[in-house]
Amino acid sequence: GKGKGKGKGKGKGKGKGKGKGKGKGKGKGKGQDSKTTSQDTSEMQDDDEFPVELSIEVPEDPLHALLPESIGKIRINNYYYNMLEIIFSSQGLVGCGSICYLARKDEEEFIIKDHWVLGGEKEAMNEINMMKKMSGVRSVPTLIKHCLKGTSWTHVHLILKPCIRPLHKFRSKLELLSSIHDIIKIQKEAVEECKVLHSDCSLNNAMIEDDGKDTHVMLIDWKFAVNILKSRNYTVGGTGTLPFMSRVLLLQLHLCDLNGADECKKASCLKAKVAPLVRHGYHDDLKLMFYIFIWICIEFRGPLGMKCKLENTHNWIPHQWSASKFKHYIEELSKQFHPYFKKLLPVVLEWYYLMREPMKVSDVIEMLERHITDLLMNEPSPELLVSWWLLKGLKAEHSVSSGKEGESQSLIDETNCNNKQVIDYQWTLEIAPKSKRSKTG
């Protein structure tokens, strides 16, 4: 906009910008573009109903994290790697005992996947062979090395690149929805180009890669991937991970268990049993991605993996959908979505209606692309959002205790000059510059 300003110079003249000088002059100054500021403010106002939970546990942004120190060493094929952190560790008494480490060797970072496979070398090589078959697909990790040890149970070490973060540690709603869209496109490419069905996408297998310039989605854990058969019938074992399996698969597994129990009552159960088959198609994986999306929007309350505290007294959808009584009630979805994700509720509702009809992959992709263009491109950073939520919570807390509106504003002013109150909630408004993690290709 046009405005009057002080320009540098000894006499009268025209100048752009603001500056102190010996002479005054009229000039055309460029006013601040209020579009971006108004968008940021609008985004914060949209979250006006956000239920602030004090104290806020502020997660660490991986893009600004300091380089971690070594917590130990691991030897693979006579090479030692420094373990920097544990990215994922499976829980429970049964399973593959999977652990993923962020590791470094010769100033280069890797992902090391340490797990067990039931069976010998043939079973353990399935994931390795599938990753080799998917070589060239950008969103599939690159296998650097592997190590196999064992007979009936095989201990497997995979060294992978690039370094990635879990899907639920997204930095914005746009990044989350774009990642869901890209994962579906990866699965589509694997099916149509490579004739491979991943069949086991879960919250811990969908990842986001930061290459220093942009972010890309990665789909990992191909140990249960299968070559697509015309019959679409596959042996039980790699049919998904609870609770992210489609209801059709759950029903088939339930029937397999019933048939197995009946067979054991007969004398013929002493004979070698044939592994049961289940029918698994690409549409099951599409429904699986729908469940992952719902899970995140209910179980989390913000970016960078901020978890919700779900009370056990309420029948939350993620806790019920593996049961026979689960149904996609639109009213329940609308109630249980966290306010942070309320802009994504129309996406879920439209996706739900697509699932009720014979679902086309192209329809889901087109629907997601349409909603992606409607999202705010420059959503406030996680640091700014958490700061705003914290100040809002402090203001509300102070208003309740004092009962005076005027004093609540003075509290916010006080935090700007003295961050003692903020430190009590493990957060500071000053973002100190930190050395970023080195990006390796």
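Helices and strands here are DSSP runs, with at least four residues for a helix and at least two for a strand, numbered from the N terminus. With that convention, the strands on either side of proline 162 can be named: the residue is found in the loop between β6 (153-161) and β7 (164-166). The model is a predicted one, and the description below moves from the whole chain to one helix, then to the internal space and to some notable backbone positions.

At the level of the whole chain, the assignment gives 11 helices and 15 strands. The chain has 441 residues, and 43% of them count as buried. Among contacts with a separation of 6 or more, 66% are made by residues 24 or more positions apart. The exposed area of the chain comes to about 25,200 Å², with carbon and sulfur atoms supplying 53% of it.

Helix α5 makes a good starting point for a closer look. This helix covers residues 282-299, 18 residues in total, and spans 26 Å from its first C-alpha to its last, close to the 26 Å expected at 1.5 Å a residue. Helix α5 is also mostly covered, with 16 of its 18 residues buried.

Attention turns next to the space inside the protein. Rolling a probe the size of a water molecule over the atoms shows where empty space is left. In this structure there are 3 cavities of 30 Å³ or more. The largest cavity holds about 60 Å³ of space, and its lining consists of Cys100, Ile111, Lys113, Pro141, Leu160, Pro162, Ile164 and Ile220. By class, that lining comprises 7 nonpolar residues, no polar ones and 1 charged residue. The second largest cavity contains about 50 Å³ and is lined by Ile87, Cys100, Ile111, Ile164, Met207 and Ile220. Its lining divides into 6 nonpolar residues, with no polar and no charged ones. Cys100, Ile111, Ile164 and Ile220 appear in the linings of both cavities.

The backbone offers some further points of interest. Most residues other than glycine have a negative phi, and most peptide bonds are trans. Where does the chain carry a cis peptide bond? One joins lysine 161 and proline 162, with omega at about 0 degrees. Proline 162 is thus met again, having already been listed in the lining of the largest cavity.

Positive phi values are found at asparagine 78 and arginine 232. Asparagine 78, although not a glycine, has a phi of about 70 degrees. This residue is found in the loop between β1 (72-76) and β2 (79-89). Is asparagine 78 buried or exposed? Residues over 50% relative accessible area are classed as exposed, so asparagine 78, at 66% relative accessibility, counts as exposed. Arginine 232 is likewise not a glycine, and its positive phi is about 60 degrees. Its place is in the loop between β11 (226-227) and β12 (233-235). At 34% relative accessibility, arginine 232 counts as partly exposed.

A last loop residue rounds off the picture. Glutamate 107 is found in the loop between β3 (99-105) and β4 (108-118), and at 66% relative accessibility it counts as exposed. How far is the C-alpha atom of glutamate 107 from that of asparagine 82? The two residues are 25 residues apart along the chain, and their C-alpha atoms are separated by 10.0 Å.

Note on methods
Residues numbered from 1 in each chain as written. Predicted model: local features only at pLDDT ≥ 70, side-chain atom pairs only at ≥ 80, totals over all residues. Heavy atoms only, no water. Buried < 20%, exposed > 50% of the residue type's maximum accessible area, 1.4 Å probe, protein only. Contact = heavy atoms within 4.5 Å. Areas by Shrake-Rupley, 256 points an atom, 1.4 Å probe, with all protein chains shown as cover. Expected span 1.5 Å × (residues − 1). 1 Å grid on protein atoms, 1.4 Å probe; cavity = no way out; pocket = protein on both sides within 12 Å on 5 of 7 lines; lining within 4 Å. Points joined across faces, edges and corners; volume = space filled by probe spheres on them. Nonpolar A, V, L, I, M, F, W, Y, C, P; charged D, E, K, R; others polar.
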